[in-house]
Amino acid sequence: MTPDLMDAGAQRLQAHARQEAARGGKTASGGRAADYGRPIAPGTVDVAHGRILYLEDVHVSFDGFKAINGLNLDIAPGELRCVIGPNGAGKTTLMDIITGKTRPDSGTVFFGSTIDLLRHSEPEIAQMGIGRKFQKPTVFEQLSVFENLELALKTDKRVWPSMRFRLDSQQRDWLAQVLHTIHLHAHAARQAALLSHGQKQWLEIGMLLMQAPRLLLLDEPVAGMTDEETARTAELLLGLKGRHSLMVVEHDMHFVREIAGAQGTVTVLADGSVLAQGTLDEVQADERVIEVYLGR
C-alpha cells in the first residue's frame with residue numbers, strides 16, 4: 001500500500017464518517033467524525049489506517065550484492081510479528097533500514113501513515129518511538145539494575161541537567177512497573193555484571209521500555225538462554241503484545257511457536273525478499289520454506 005492509496009482511503013473514511021454524523025448514525029466514535037478528521041501533529045504516529053509500519057518495494061545493494069530485493073512488509077499496531085529465515089536472508093538489514101542505520105537504494109518505509117523514516121536519522125527515529133535490541137545485550141555492567149533503567153529514561157542528557165536530575169514520583173512508579181514487567185524487581189539493587197545472560201537480556205528490554213516505544217525490534221532475544229529463561233522471555237513478550245508492536249527475529253522454532261501462537265503471522269525472508277507469510281503451521285508446510293530454510 002502506497003501513501004497515495006492510504007491517503008485516498010483516509011479521505012473515504014472521513015467522508016463516510018461525515019455522512020454518518022449527518023444522519024445521526026452511530027460510529028466507533030459515537031457519531032463523531034473527529035477521529036479521522038483531526039489534524040496530525042508533526043512527528044505523531046498516525047495508525048488510523050491500521051498499520052504502524054510498512055515497507056514497499058525496498059531495495060538495498062552492497063557492492064553489487066542484493067541484500068534486500070523488492071521487500072514488502074507491513075505490521076499492525078499491537079501486533080507481534082515473527083521474522084524467520086536463513087542466514088543472509090536480509091533480516092538484520094531489514095532492521096537496519098527501519099532504524100535508519102542503512103539507507104535503501106529505493107523504496108518506501110513509513111512509520112504510521114505520516115512519518116517517512118527515510119527522511120530521518122537514527123537518533124530521530126529512536127526518539128519517535130522505535131526501539132531496537134541487538135542479539136548481544138548491551139547494559140552498563142558497573143551500574144545496578146535500577147540505575148540502568150533510570151539512565152534509560154527520556155530526559156535531558158546534557159551535563160548540568162543530568163547532575164541536577166532527580167526522579168519524580170511518576171517516573172519512580174514507571175520504573176517500578178518496568179522492573180516487574182522484566183522479572184527483575186527482586187534484583188533492582190544488584191550490579192548488572194552479576195546478572196545471568198537471560199537477565200541481562202531482560203534488562204536491556206527494560207531499558208527500551210523506559211523510553212515508551214511504539215515499536216520494538218528484537219534480534220534473537222533468546223539466543224544463549226536456558227529453557228526456563230526462554231519460557232519467561234516468551235511470557236514477557238506476550239505481555240508486551242498489544243501495548244507495543246513487536247518484530248522478533250528468531251531461529252528457535254519452539255520459541256516462535258510460543259509467541260506466535262496458532263494465529264500469529266510469521267514472515268519468512270530469503271534472498272532479501274518475503275518468501276512466504278502466514279501462520280507458523282502454514283509457513284512450515286510451504287515447500288519453498290522447507291527447501292531453503294527448514295529442511296526435511
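Colleague: Which residues is Thr267 in contact with, leaving aside its neighbours within four places in sequence?

Modeller: In this predicted model, Thr267 is in contact with Leu73, Arg81, Cys82, Val83, Ile84, Val274, Ala276 and Gln277. Contact means heavy atoms within 4.5 Å. Thr267 itself has its place in strand E9.

Colleague: What makes the pair of side chains of Thr267 and Gln277 a polar contact?

Modeller: The side chains of Thr267 and Gln277 stand at 2.6 Å. A polar contact requires a pair of N or O atoms within 3.5 Å, one able to donate a hydrogen and the other to accept it. The pair of Thr267 and Gln277 is therefore called a polar contact.

Colleague: Why does Thr267 count as buried or exposed?

Modeller: Its relative accessibility is 1%. Buried means under 20%, so Thr267 counts as buried.

Colleague: Which strands form the open sheet that contains E9, and in what order?

Modeller: Six strands form it, in the order E6-E7-E8-E3-E9-E10, with mixed pairing. Strand E6 (130–133) and strand E10 (273–278) each have a single partner strand, so they stand at the edges and one side of each is left without a neighbour in the sheet. On average, neighbouring strands here are turned by 20° against each other, direction ignored.

Colleague: How do you know that E6 and strand E7 pair?

Modeller: Four bridges join E6 to strand E7 (residues 215–219), and the two run parallel. Pairing needs at least two bridges, so the four bridges between E6 and E7 satisfy the criterion. Ile130, for instance, has Leu215 as its bridge partner in E7.

Colleague: Which helix packs on the sheet, touching E3, E7 and E8?

Modeller: That is helix H9 (residues 227–240), whose direction makes about 145° with that of E8. Helix H3 (residues 91–98) lies across strand E3 (80–84), E6, E7, strand E8 (245–249) and strand E9 (266–270), running at about 150° to E7. H3 also lies across E1, E2 and E4, at about 115° to E1.

Colleague: Which open sheet do E1, E2 and E4 belong to?

Modeller: They belong to a sheet of four strands in the order E2-E1-E4-E5, with antiparallel pairing. Strand E2 (65–75) and strand E5 (115–116) are its edges, because each has a single partner strand.

Colleague: What makes strand E1 and strand E4 a pair?

Modeller: Five bridges link strand E1 (residues 53–62) with strand E4 (residues 106–111) in the antiparallel sense. At least two bridges are required, so E1 and E4 pair. Among the residues involved, Leu55 has Val109 as its bridge partner in E4.

Note on methods: Residues numbered from 1 in each chain as written. Predicted model: local features only at pLDDT ≥ 70, side-chain atom pairs only at ≥ 80, totals over all residues. Heavy atoms only, no water. Axes fitted to C-alpha atoms, helices over the stretch in contact; angles between N-to-C directions. Buried < 20%, exposed > 50% of the residue type's maximum accessible area, 1.4 Å probe, protein only.
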